[in-house]
Amino acid sequence: MSAPARTARLGVLALAMINVASIVSARNLPVMAEYGWSMLVLFALSIAVFLVPVSMAAAELGTAFPRDGGVYAWVKEAFGGRTGFLAVWCDYAENVAWFPTVLSFIAASLAYAIDPALATDKTYLVVVMLVFFWGTTAAALLGVRTSSTIGAVGTVAGSILPALLVVGLGAAFLLRGDASQIPFSAGALVPEVQLDDLAFLGGVILLFTGMEMAGFHARDTRDPGRTVPRAIALAVAITVTFSVLGSLFMAFVLPQQEISLVSGTMELFSRVLETFSAGWLLAPLALVVAIGGIAHLTPWILGPATGVAVVAREGLAPSRLGRVNRNDVPVALLVVQGVAGSVFALLFVVVPSVSTSYWMLSAVTAQVIVAMYALVFASVIRLRYTRPEVLRPYRIPGGLPGVWLVGGLGLLGCGVSFFLGFVPPSQLATGDTAGYVLLLALATLVLSLPPFVFAFLTRRRTRADAVVPAR
């Protein structure tokens, strides 16, 4: 029996906002603000080798194979179910390392409503992070409707409002006549070429992850061939504009050595509000940003876990992982995710500084998610050969050379990002280089390993069932 038809209700703007809500966050701006004017060149490079290719690949795959599961469905179509499982598992596992970075931003933002000094207090950060993490996990147990409602609030309060404020307050700071912390010169546009100075470039992928979201909802549009590509183009324009302007204005206001990867956004608010004698606005603003961050986090806790549950019900993972409560929520996966995320949150206690903890978790996140994107780029190339007969309402232009160019650029971007992720950034105190690389490699391996373990155990069980015992 075919699946029931859906009511087409998403237009270009609505679909674009799904991407924007998934990507845009003031939390990401300090990463690129560290580079000053040279961020413009680095942004251009990242857009060319990652953002544009993933947008085009998602548009083609989402319109050619508009099925439930998004990335899982695309990669499964190209390489089979187990590889599709690996792709969706990477999406689930990278969240385990990503959650503490969002939670630390929430905790640091909340500190500015209480005492800004707490933003660098490791004990405070970890306690608040764990309280909110398990609180949002409990909220997710109520089901997707509750998560979506909370997430809708988070889109406005946690992403759009802080984004507009960063740009607006930064512009007001300069218009007032205050000096920029990064005076312009042609030479300032050229990034440092030392390897450790380019380490943050590996994390720029985190600024643009989520651009494939519109492809997930191709079935919810009336004309995917027109709507999905246009929505992705609009989302790219909004995302790039905000990312560049927000990072640049942060660099204008805050000295490079004072930019915190965790609380940099609130530091900017604090600095500018004080210059306008409006410091009293900082506490309520911090509260709004923190609450918005919590709301934005909730749908992500449930989404990838639901995808893995589908895989479990198809027999590619232990069936108990696919069991759901009366709200159709995979409880076991949420508990596993909560425990693992809590362990990663404790990294804030054992590493030298809060910014270093934040960066290492971001680097682990990028290392895992880059595998998923590499599989997407490989899929868009392979499916042109294995499924040429499938109607593609949107096709990457240029025929096979065009799809190889787009997919090849994306794979190159993923490879460079993966390599740079293991380079300790010179801007942060990461301790012993060998220890840093070993810890990062170990975390990446542990997070990526379960699909291979499940596949091995399944093969062993199948062989054992095939053996008929002697009587």
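Are R392 and E60 buried or exposed? Select the two and check: R392 is buried, and so is E60. Keep in mind on this tour that you're looking at a predicted model.

**Stop 1: the charges around E60**

Stay with that pair and show the side chains. R392 and E60 make a salt bridge, with 3.2 Å between the closest N and O atoms. Now colour by element of secondary structure: R392 sits in the loop between α15 and α16 (399-420), while E60 belongs to helix α3, so this bridge ties together parts 332 residues apart in sequence.

Next, add R384 to the selection. R384 also forms a salt bridge with E60, and here the closest N and O atoms are 2.9 Å apart. This one links distant parts of the chain too: R384 is in helix α15 (residues 354-386), E60 is in helix α3 (residues 39-64), and the two positions lie 324 residues apart in numbering. R384 and E60 are both buried. Put the three together and you have E60, R384 and R392 linked in a salt-bridge network.

For a contrast in setting, pick E389 and R387. Their side chains meet in a salt bridge at 2.7 Å, N to O. E389 has 55% relative accessibility and counts as exposed, whereas R387, at 22%, is partly exposed. The structure holds five salt bridges, including the ones you've just clicked through.

**Stop 2: rings on α5**

Hide the charges and show the aromatic side chains. There are 11 aromatic pairs to find. Start with F85 and W89: the ring centres are 6.1 Å apart and the planes sit at 80°, so the pair is edge-to-face, the cut-off for that being over 60 degrees. Both are in helix α5 (residues 81-114), four residues apart, which puts about one helical turn between them. F85 is buried at 1% relative accessibility, and W89 is buried at 9%.

Slide along to F99 and select F133 with it. These ring centres are 5.4 Å apart with planes at 45°, so this pair counts as tilted. F99 lies in helix α5 and F133 in helix α6 (residues 122-140), so the pair ties together parts 34 residues apart in sequence. F99 has a relative accessible area of 0% and is buried; F133 is buried as well, at 1%.

Then go back to F85 and W89 and add Y92 and F454. Those four residues form one aromatic cluster.

**Stop 3: F85 and the core**

Which residues have the most contacts inside the largest nonpolar core? They are F85 and F269, in a core of 137 residues. Helix α5 gives the most to this core, with 21 residues. As background, nonpolar side chains tend to be buried together in soluble globular proteins.

To see what surrounds F85, select its contacts beyond four places in sequence: Y72, V308, V311, L316, A317, P451 and F454. F454 is the one you already met in the aromatic cluster.

**Stop 4: A93 and S448**

Further along helix α5 is A93. A93 is buried, with 2% relative accessible area. Leaving out residues up to four places away in sequence, A93 touches V368 and L447. Draw a distance from A93 to P304, C-alpha to C-alpha: you should read 8.6 Å, for residues 211 apart along the chain.

V368 leads on to S448, which is in contact with V368 and L86 once neighbours within four places are set aside. S448 is found in helix α17 (residues 433-448) and, at 17% relative accessibility, counts as buried. Where does the side chain of S448 have a polar atom 2.9 Å away? Look at the backbone oxygen of T444.

**Last stop: zoom out**

Clear the selections and show the cartoon. The chain has 18 helices and zero strands. Of its 471 residues, 56% count as buried. Among contacts between residues at least 6 apart in sequence, 80% join residues at least 24 apart. Finally, turn on the surface: the chain exposes about 19,500 Å², and carbon and sulfur atoms supply 68% of that area.

Terms used
Residues numbered from 1 in each chain as written. Predicted model: local features only at pLDDT ≥ 70, side-chain atom pairs only at ≥ 80, totals over all residues. Heavy atoms only, no water. Phe/Tyr/Trp six-rings, centres within 6.5 Å; stacked < 30°, edge-to-face > 60°. Buried < 20%, exposed > 50% of the residue type's maximum accessible area, 1.4 Å probe, protein only. Polar contact = N/O pair within 3.5 Å; in protein donor to acceptor, adjacent residues only side chain to side chain. Contact = heavy atoms within 4.5 Å. Core = buried A, V, L, I, M, F, W, Y, C linked by side-chain atoms within 4.5 Å. Areas by Shrake-Rupley, 256 points an atom, 1.4 Å probe, with all protein chains shown as cover. Salt bridge = Lys/Arg side-chain N within 4 Å of Asp/Glu carboxyl O.
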